[in-house]
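Colleague: I'd like to learn to read a model like this one feature by feature. Could you walk me through it?

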Amino acid sequence: MAQTNSDTTLYAKLDEFIDSLQTKQGALIPVLHKAQEIFSYLPKEVQNHVAHKLEIPSSKVYGVVTFYSYFTMTKKGKYRVSVCMGTPCFVRGADKVLAKFESELKIKAGTTSEDGMYSIDALRCVGACGLAPVVIVNGKVYGRIQDNDVEGVIKDFLAEVEA
């Protein structure tokens, strides 16, 4: 796959981050976090690039990407909705919150809308149990969300972009 100018800029940002590291040893997970922040997902080409830059086998990169639920190899929407389904969140109604997001955005968890605007993911745990149920939209955390709060959350994140 040929790189576009935009891709070249994104790879340059990733390379700048990798080159700034004191050591490459043990840096795979932070580099993957940065790569996903830059590209919004980790396709095979990005994984191979990371492997080359860190001088490790591509299979090791792939193993880490597929092991941790945070990492994704699927392109996500402009608005990335993540609903925590860990035990405290689930017990407090996260399943209903997830169902409401699916209904409102007209897509299922694990998918992206055809127009590329929205994606929904169900996560195992986000480590914010005291705020259960938790929803994260493009990095912004919403705590103690109930299904009747979903429409307001959607209006909130749409309004932030328009402002």
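Modeller: Sure, starting with labels: a helix here is a DSSP run of H or I with at least four residues, a strand is a run of E with at least two, and numbering starts from the N terminus. By that reading, A94 sits in helix α6, which covers residues 94–105. Keep in mind that this is a predicted model.

Colleague: How many helices and strands does the protein have?

Modeller: It comes to seven helices and five strands. Walking from the N terminus, you meet them as α-α-α-α-β-α-α-β-β-β-β-α. The C-alpha atoms fill a box of roughly 50 × 30 × 25 Å along the principal axes.

Colleague: Back to A94, then. Is A94 buried or exposed?

Modeller: The cut-off you need is that buried means under 20% relative accessible area, and exposed means over 50%. A94 comes out at 0%, so it counts as buried. Setting aside residues up to four places away in sequence, A94 touches V83, C84, M85, C89 and P133. K34 is another matter: it lies 60 residues from A94 in sequence, and the two C-alpha atoms are 28 Å apart.

Colleague: And which residues make good test cases for that cut-off?

Modeller: Try K53 and G26. K53, in helix α3 (residues 44–54), has 18% relative accessibility and therefore counts as buried. Beyond its neighbours within four places in sequence, K53 is in contact with D15, I18, D19 and K24. G26 belongs to the loop between α1 (5–19) and α2, and with 74% relative accessibility it counts as exposed. G26 and L54 are 28 residues apart in sequence, with 9.4 Å between their C-alpha atoms. Across the whole protein, 38% of the 163 residues count as buried.

Colleague: Next, helix packing. What do I look at when two helices pack?

Modeller: Two packed helices are described by the angle between their axes and the distance between the axes. Take α2 (residues 28–39) and α4 (residues 58–67): they pack at about 70°, with axes 11 Å apart. That angle makes α2 and α4 roughly perpendicular to each other, and α2 passes α4 in a right-handed crossing. On the α2 side you find L28, I29 and L32, which meet K60, V61, V64 and V65 in α4. By class, that contact has six nonpolar residues, no polar ones and one charged.

Colleague: What is the angle between the axes of α2 and α3?

Modeller: Roughly 140°, and those axes come within 11 Å. So α2 and α3 are oblique to each other; the crossing of α2 past α3 is again right-handed. L28, V31, L32, A35 and F39 in α2 meet V46, V50 and L54 in α3. This contact has eight nonpolar residues, with no polar and no charged ones. Notice that L28 and L32 turn up in the contact with α4 and in the contact with α3.

Colleague: Now the sheet. In what order do the strands lie?

Modeller: The sheet is open, its five strands lie in the order β2-β3-β1-β4-β5, and the pairing is mixed. β2 and β5 (140–142) are the edge strands, each pairing on one side only.

Colleague: How do I see the mixed pairing around β3?

Modeller: Check each neighbour's direction. β1 (residues 79–84) runs parallel to β3 and is joined to it by six bridges; for V83, the bridge partner in β3 is A122. β2 (residues 111–112) runs antiparallel to β3, with two bridges: T111 stands opposite I120 and T112 opposite S119. β2 and β3 also form a hairpin with five residues between them, and G116 in that turn has a positive phi of about 75°.

Colleague: Is β3 mostly covered or mostly open?

Modeller: As a general picture, side chains in a regular strand alternate between the two faces of the sheet. Here, β3 (residues 118–123) is mostly covered, with five of its six residues buried. As for helices against the sheet, α6 lies across β1, β3 and β4 (135–137), at about 155° to β1.

Colleague: What share of the contacts with a separation of 6 or more joins residues 24 or more positions apart?

Modeller: That share is 59%.

Definitions and conventions:
Residues numbered from 1 in each chain as written. Predicted model: local features only at pLDDT ≥ 70, side-chain atom pairs only at ≥ 80, totals over all residues. Heavy atoms only, no water. Buried < 20%, exposed > 50% of the residue type's maximum accessible area, 1.4 Å probe, protein only. Pairing = 2+ DSSP bridges. Axes fitted to C-alpha atoms, helices over the stretch in contact; angles between N-to-C directions. Parallel < 35°, antiparallel > 145°, perpendicular 65-115°, else oblique. Left-handed = near helix turned anticlockwise from the far one by under 90°. Contact = heavy atoms within 4.5 Å. Nonpolar A, V, L, I, M, F, W, Y, C, P; charged D, E, K, R; others polar.
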